[in-house]
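Good morning, colleagues, and thank you for the time. Please take a moment with the sequence and the model before I begin.

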Amino acid sequence: MEKIRNFCIIAHIDHGKSTIADRMMELTGTVAKREMKAQLLDSMELEREKGITIKLTPVTMHWKGYILNLIDTPGHVDFSYEVSRSLAAVETAVLVVDATQGIQAQTLANVYLALEQDLKIIPVINKIDLPAADVEKVAVQIMNLLGCKREEIIEVSGKTGLNVDKILDAVVEIGPGPRIVLGDGVAPARRHGRSAPHTSVVTSGSPQNNLGPSPFSSTRALIFDSYFDDYRGVVLYVRVFEGSIPKDANILMMGTKTKGEALEVGFLTPKMKPEDSLEAGEIGYIVTNLKSTREARVGDTITLAEAPAEEALPGYKHVIPFVYAGFFPVSNDQYKELKEAIEKLSLSDSALEYEPENSPILGFGLRIGFLGLLHLDIIKERLEREFKLDLIVTNPSTNYEVVMNNGEVREIKSAAELPDASEILEIREPWAKGEIILPKNMIGNVLNLINEKRGHQTNVSYIESKAVIDFEAPMANLLTDFYDQLKSVTSGYASFNYELAGYRAGDLVRIDFLVAGHKMDALSVVAHRTEAEAIGREVTKKLKEIIPRQNYEVALQAAIGARIIARETIGAYRKDVTVKIHTGDRDRKAKLLDKQKRGKARMKRFGKIDIPSEAFTVMLKRN
């Protein structure tokens, strides 16, 4: 036990976490040189292509007689729930800051998460070999943030491997050993003849001798991640807090009350390395015989079925999605494949929620909840690449709380679900609490942008040459192109982090869009009354560019109830029917033109307009 260290790497996106993890695996000899490649732990094709970490990845390494269990975490705000899951399974966090960019928004967010879990934080400055690196300036920022000393900050280069060994030494020397949570008089099992040191044990209930196994021992392990293997079933990544899980043991998920079997247990190096058992303080994997995505929830506690623990470990807070979009297959024949694909993805992504949806225009599909637009984009690309699905994705929206006249509160996830206005007392929309870090001289532009989004600034503070703006704004207004506009007005220097801050009532209305007089429910949105006309004009103008011209005139309208607030007209193609007349007979020409006019009127009544899939995501990029 005293020779085990569990740690994770946290940082803002693109500050070099995965590269440092590569150097650590090289230094410890975990991966042979011939098998080494850049961002080795980013196994997903999409991660390597976009250069970002999407899924947390555990790996076990050996360094100077110690067993080091590392979890590489994502950096983007949409995947912060992955970071919180990692932090619950470790005792030490290596905080990486880019020497050229300094502290960014997600750096702060991850530090707060680590402090909440009471972890030991080891500060690291990366990319010191770059010409633009300003190590001393970034070091002052870190000292102000953490209250640490200058000599405690490790300067490294993930690219060249300079000083990466010092991080491993610091994890061993400064990082605490595994914490053991004993709930009902339990002693951790021995491994290699060693028992847990007294300092690593946190007990509650009646005291017991912690130097050896007790006849009343129970086992508790936390599931911090999982995925579905087509050939082996559900594979769980776990941190054992108490007892041990041997191979072929009968296990029980305490939350879902599901029983299963541990067909194989072991460590990740980063390939699977089977062992006879997983002991207290260790991080590893369990291959189970479970087949359903609902049987093993991330955050659940595993115990042994023969001697179950009395109470579960503190789980994770349930992550509630606040961005919803409809996913429809282009061909309804693929609906079953879409549902199966989402079920598989939802196992390894606990934040993914979905329910069936039916549209008169698009047919059968699923309404899926996400943690942000990048999360949506990643899931869409995975469905198209990994499962070969051809999809139409509708405009993303947030969920709303609707208070009815009789006092009933309903949650709606799309504008199409909104009841009749006469039945509604008030509509509450989700608000976000945001944090923007940017250079001091750009504050004015960003405050104007926040005001445009119906937001307001709550505080401005300073870290050396940078400003931190705290603000609140409606979530719906941050969903579309806020991030792009923020990068534009700050020349790419600003970073942005946000979290949900509850629901507030507002003067909200449903905007419907009509194409040739037919209401398109998939395009409907909920917006504030003051913004409705502007949104109506923007969207109808955009639809005019996207929807192809027909042989007859097509009206595009935006409406609130029965009131039309915006209109655009797609002109008709005009065929010259008089070209075959070689004389100047006016009556013959008038007769042909009148016949053409009647034909176009008939087409307008019965014609069917083919709407391209881009029309359903027109709200994503309003400008």
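Over the ring of which residue does the charged end of arginine 239 sit? The ring belongs to phenylalanine 241, and the charged end lies 4.4 Å from its centre. I should say at once that this is a predicted model. A second arrangement of this kind involves arginine 504, whose charged end sits over the ring of tryptophan 431, 4.5 Å from the centre.

Let me turn to rings that pair with other rings. The structure holds 8 aromatic pairs. One of them joins phenylalanine 471 and phenylalanine 496, which are stacked, with 6.1 Å from centre to centre and 25° between the planes. This pair links distant parts of the chain: phenylalanine 471 belongs to strand β26, residues 466–474, and phenylalanine 496 to strand β27, residues 495–506, so that 25 residues separate them. Both phenylalanine 471 and phenylalanine 496 are buried.

Phenylalanine 496 also pairs with phenylalanine 482, in this case edge-to-face, at 5.1 Å between centres and 65° between planes. Here again distant parts of the chain are linked, since phenylalanine 482 is in helix α11, residues 482–489, and phenylalanine 496 is in strand β27, 14 residues apart. Are these two partners buried or exposed? Phenylalanine 482 counts as buried because its relative accessibility is 1%, and phenylalanine 496 is buried with a relative accessible area of 7%. Taken together, ring pairs link Phe471, Phe482, Tyr483, Phe496 and Tyr498 into a cluster.

The next topic is the nonpolar interior. The largest nonpolar core has 39 residues, and those with the most contacts inside it are Phe327, Phe370, Leu383 and Ile436. Helix α7, residues 335–348, supplies the largest share of this core, with 5 residues. Isoleucine 436 leads us back to the ring cluster: leaving aside residues up to four places away in sequence, its contacts include Phe471, Phe482 and Phe496. Among its other contacts are Val446, Ile450 and Leu486. There is also a second, separate core of 34 residues, which includes Cys8, Cys148, Tyr237 and Tyr285.

I now ask you to find strand β31, residues 554–560. How many of its 7 residues are buried? The count is 7 of 7. On one side of β31 lie Val554, Leu556, Ala558 and Ile560, and on the other Ala555, Gln557 and Ala559; all are buried, and both faces are thus covered.

Strand β31 has partners to consider. Strand β28, residues 508–515, is joined to β31 by 4 bridges, and the two run antiparallel. Leucine 514 stands opposite glutamine 557 of β31. Strand β32, residues 563–570, pairs with β31 over 7 bridges, also in the antiparallel sense, and alanine 558 stands opposite alanine 566 in β32. The hairpin of β31 and β32 has 2 residues between the strands, and in it glycine 561 takes a positive phi near 65°.

A loop residue deserves a brief stop. Threonine 398 is found in the loop between β21 and β22, yet threonine 398 is buried, with a relative accessible area of 1%. What does threonine 398 touch, not counting residues up to four places away in sequence? Its contacts are Phe322, Tyr324, Ile412, Lys413, Pro430, Met475, Ala476 and Leu479. Proline 321 is 77 residues from threonine 398 along the chain, while their C-alpha atoms are separated by 8.7 Å.

Finally, I come to charged pairs. Side chains of opposite charge can pair when their charged atoms come close. A search of the whole structure finds 27 salt bridges. In one of these, arginine 367 meets glutamate 357 at 3.6 Å, N to O. Arginine 367 is in strand β20 and glutamate 357 in strand β19, 10 residues apart, and both are buried.

Another salt bridge joins arginine 454 and glutamate 531, with the closest N and O atoms 3.5 Å apart. Why does this pair tie together parts that are 77 residues apart in sequence? It does so because arginine 454 lies in the loop between α9 and β25, whereas glutamate 531 lies in helix α12. Both of these residues are buried.

My last example is arginine 510 with aspartate 512, whose side chains meet at 2.6 Å, N to O. Both are buried. Salt bridges that share partners join Arg510, Asp512, Lys519 and Asp521 into one network.

Note on methods:
Residues are numbered from 1 along each chain as its sequence is written. This is a predicted model: local features need pLDDT of at least 70, side-chain atom pairs count only at pLDDT 80 or more; totals for chains, interfaces and linings use all residues. Side-chain values use heavy atoms; hydrogens and water are left out. Rings of Phe, Tyr and Trp (its six-membered ring) pair if their centres lie within 6.5 Å; planes under 30 degrees apart count as stacked, over 60 as edge-to-face and the rest as tilted. Buried means under 20% relative accessible area, exposed over 50%, partly exposed in between (1.4 Å probe, protein chains only). A charge sits over a ring if NZ of Lys or CZ of Arg is within 6 Å of the ring centre and within 35 degrees of the ring normal. A nonpolar core is a set of buried Ala, Val, Leu, Ile, Met, Phe, Trp, Tyr and Cys residues joined through side-chain atoms within 4.5 Å. Contact means heavy atoms within 4.5 Å. Two strands pair if DSSP finds at least two bridges between them. A salt bridge is a side-chain nitrogen of Lys or Arg within 4 Å of a carboxyl oxygen of Asp or Glu.
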